[in-house]
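Hi everyone, thanks for making room for me today. I'd like to walk you through one structure, so please have a look at it on the screen.

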Amino acid sequence: MKVDMSTVTKIKKGLNINMIGEAEKTIKDLVTDQFAIKPTDFIGVFPKLKVNEGDTVKAGSPLFIDKYRDNIVFTSPVSGKVKEIKRGPKRILLEVKIEADGKNEAIDFKAENPAKLNREEVIKKLLDSGVWPMIRQRPYSVIANPNDKPKSIFISTFDTAPLAPDNDLIVHGNGEAFQAGIDALSKLTDGKIHLNVDANATHSKVFTNSKGVQINQFAGPHPAGNVGVQINKIDPINKGDVVWYCYPQDVLAIGRLFLTGKFDATRVVAITGSEIKKPAYVKTKIGAAVEALVKDNTTDVFKRLISGNVLTGTKVELDGYLSFYHTQLTAIPEGNYHEMFGWALPGFDKFSLSRSFPSFLFKNKKYKLDTNYHGGERALVMTGIYEKVFPFDIYPMQLLKAIIVEDIDLMENLGIYEVDEEDFALCEVVDTSKTNMQVIVRKGLDLMRKEMS
Amino acid sequence: MKVLRDFLDKQKPHFEKGGRFEKLQSTFDAFETFLYVPDKVTTSGAHIRDAIDMKRTMIIVVLALIPPLLFGIWNVGYQHFISNGMTPDFWPMVGFGFMKVFPIIVVSYVVGLGIEFAFAQVRHHEVNEGFLVSGMLIPLVMPPDVPLWMVAVATAFAVVIGKEVFGGTGMNVLNPALTARAFLFFAYPSEMSGDRVWIAEKADAYSGATPLGHLLINDTNLPSVHDMFMGFIPGSIGETSTLAILLGAILLIATGIGSARIMLSVIVGGLTMGLLFNLWGANAYMEIPAYYHLVMGGFAFGTVYMATDPVSAAQTAKGKIYYGFLIGMIAVLIRVFNPAYPEGMMLSILLLNVFAPLIDHYVVQSNIKMRLKRAKVAVTAKV
């Protein structure tokens, strides 16, 4: 792609964390019949079951709905049988497990050209098929409300998180489905569809030749690929604004729905991390079993499996399932070891944003990082470090403190509508005080959502 | 080293809840985490974390304090001997200085850490590392002849009233080490000022006045700039050598632990005020070259180690500039105008410590206004 740097939005503040275990650019089909949809993946959703154990389902059959927005349906990614409905403490619904029958039967929602449909018809098809939950909104990062009209829709085509999947590779050869998806999305807003690409790394024609979108170029370290940063730079959210967003593989699923009439839950997943023997991509469906994803491909080290990336992902067990929104699985060593005088020794192999370890001299070094906190939790003492990795015109520490004291007005004034947990992930990583900031931000967002509804 | 780890693992249950020594849990934890970085793993949010922690941060600052400390030890001896008309070799000077300075350091750490441990224990908190730095800063801002009991009282005051009543490290308003210094300054003025205290066991006939002391009585008969920069002058233990302090500053800036923004702003503020006085030129003090202020008294030491304390300084990037600039200006202002206090740096930093939250407030308000304005423009555009 020819780059005209004058129109590139440069992100200066941020940090690329180079880790060992990047996926080799090959895609293999995954053989598994175990899938699950996890209601806990959807923020603010109260699941109401529509199936019982033993029921037969097709791809696109409703599994559960949101109790308070009952037109939002969550459907089965494959055809098969409801194997188990797993509940946790207080009967909270954890997993609806599906055993695939390999027949690939799917409910027919009718193939239609989205350009010839009106907004309501497009929304209805997305809702009924279970594709709708892929479209989320800012603020709050909850599933979009079909009754809202967003001021714009954002699609980030590149992921800058550690070991993130390469969307150029994933969408290769899917130009038709991608454009159909864009056509459908364009019915949902009167504003623009912003297709955000990496000025230096996005080369796929699928993205650069898209029609009916505004292509915005970004350059810079993580979190340049985060949709929150992109919205902040291109079309910032003010109080009362709603912006919708989704990711390339979601656009493909939307496109296929209109091209084939079927809910096609295909997902290409990057299997990454230092504890994966051969990191590469696999093609599977939404909610694939972790055991199948990492089978015969992990080291013997005591490790943590993460659905998603190391910054924002969720810990999963070997008998767990990949989350609805994740297209990456990461395996890194657990850090449950004591390190003698670790804080005092030079530490040539330590990863740190600060230059208090000599490793800062080796810019391109790839690290094998583990889950150790590297210190005890303290009050917030250091200042100015968060701003180095936080490319918003927002004061991160002041916002965090406003959230902690639950000062609604101050949170609003300081820009809480523009941020999400993931935008604070790097602040959390580099924090000297080891504060768990993403939890705090989520609490603040939940509080605001409750206040505003 | 496995033996030590095994020993700690074996003793640990005694210090945990229900154990024989549960009352000493914080103390055990402090020693354990001193020896070993804990094995705690992430449970929420980001799965990986930066290798830096509060201990690493504080130890870097302590390292940055080593040059002024070593120079201070030598200079205490040097000043003592020349005041007595002697010119001994290097080692006797260091020896004398060490015998003066070391007890002050010991008293500062023992009293301060003792109180920190006690508070941590009562609150069931982990012991904070902040005092590792404060405990070294306090001796370095003391005159060499300070009685040890005064060091103890001042340290106790600084830790309890300056820090713990606010909730400990990270919550304090004032810089603890300066609180200790200010306490002594106001509680024992006769022992803490004048010409006697800046040289240890000085001969009575010898004038022990610091350059600032000279200037206070409009006596511009100062040591050479070279001597003041190198630090061959009387003064508090760690403050005299601008060169040694510069070495510390380089380490702090290189590691990113000390705020270069604050340091530069203080220097610019001090120079600006000095130049303004040069223009005015009402007396001899006003006419000394502006850069003299940077190498005299505690200006350099305060700039590098005190003004940059992240807890008591302004927290926003813009706020740090105003904060630093005002510290520099007011320090020189107090020096030149105030007849009672020859040194303005301590009071200037303490004053701006108090005003730092206000500065931040206005900086944050401008950010809030920007956001409100943006929202308004968006609404008008829609209409």
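I'll go through a sheet, a helix, one loop residue and the cavities, in that order.

Before we start, please keep in mind that this is a predicted model.

Let's begin with the sheet in chain A. Four strands line up in the order β3-β9-β8-β5, forming an open sheet with antiparallel pairing. At the edges sit β3 (34-37) and β5 (56-57) of chain A, each of which pairs on one side only. As a quick reminder, strands of a sheet pair through backbone hydrogen bonds, either parallel or antiparallel. Inside this sheet, β8 of chain A, residues 80-87, and β9 of chain A, residues 93-100, are joined by seven bridges in the antiparallel sense. If you want one to click on, A:Arg87 has A:Leu93 in β9(A) as its bridge partner.

Now over to chain B and helix α2, which covers residues 25-35. Which of its residues are buried? They are B:Ser26, B:Phe28, B:Asp29, B:Ala30, B:Glu32, B:Thr33 and B:Leu35. And what covers them? From chain B, the cover includes α1 (2-15), β1 (36-37), α3 (54-83) and α4 (90-123), and chain A adds β21 (339-340).

Next, a residue I'd like you to zoom in on: B:Ile52, in the loop between β1 and α3 of chain B. Is B:Ile52 buried or exposed? B:Ile52 counts as buried because its relative accessibility is 5%, and the cut-off for buried is under 20%. Leaving out residues up to four places away in sequence, B:Ile52 touches a list of residues from both chains, including A:Phe357, A:His374, A:Val430 and A:Lys434 as well as B:Thr57 and B:Ile257. For a sense of scale, B:Ile52 and B:Ala120 are 68 residues apart in sequence, and their C-alpha atoms are 22 Å apart in space.

Last stop: empty space. Rolling a probe the size of a water molecule over the atoms shows where empty space is left. Over the whole structure, the search turns up five cavities of 30 Å³ or more. The largest has a volume of about 320 Å³. Its lining is made of 24 residues, with B:Met58, B:Val61, B:Val133, B:Asp309 and B:Pro310 nearest the centre. Which helix gives the most to this lining? That would be α5(B), with four residues, while α3, α7 (176-187) and α15 (299-306) of chain B also supply at least two each. By class, the lining has 14 nonpolar, eight polar and two charged residues.

That's my tour, and I'm happy to take questions.

Technical notes
Residues numbered from 1 in each chain as written. Chains lettered and ligands numbered in written order. Predicted model: local features only at pLDDT ≥ 70, side-chain atom pairs only at ≥ 80, totals over all residues. Heavy atoms only, no water. Buried < 20%, exposed > 50% of the residue type's maximum accessible area, 1.4 Å probe, protein only. Contact = heavy atoms within 4.5 Å. Pairing = 2+ DSSP bridges. 1 Å grid on protein atoms, 1.4 Å probe; cavity = no way out; pocket = protein on both sides within 12 Å on 5 of 7 lines; lining within 4 Å. Points joined across faces, edges and corners; volume = space filled by probe spheres on them. Nonpolar A, V, L, I, M, F, W, Y, C, P; charged D, E, K, R; others polar.
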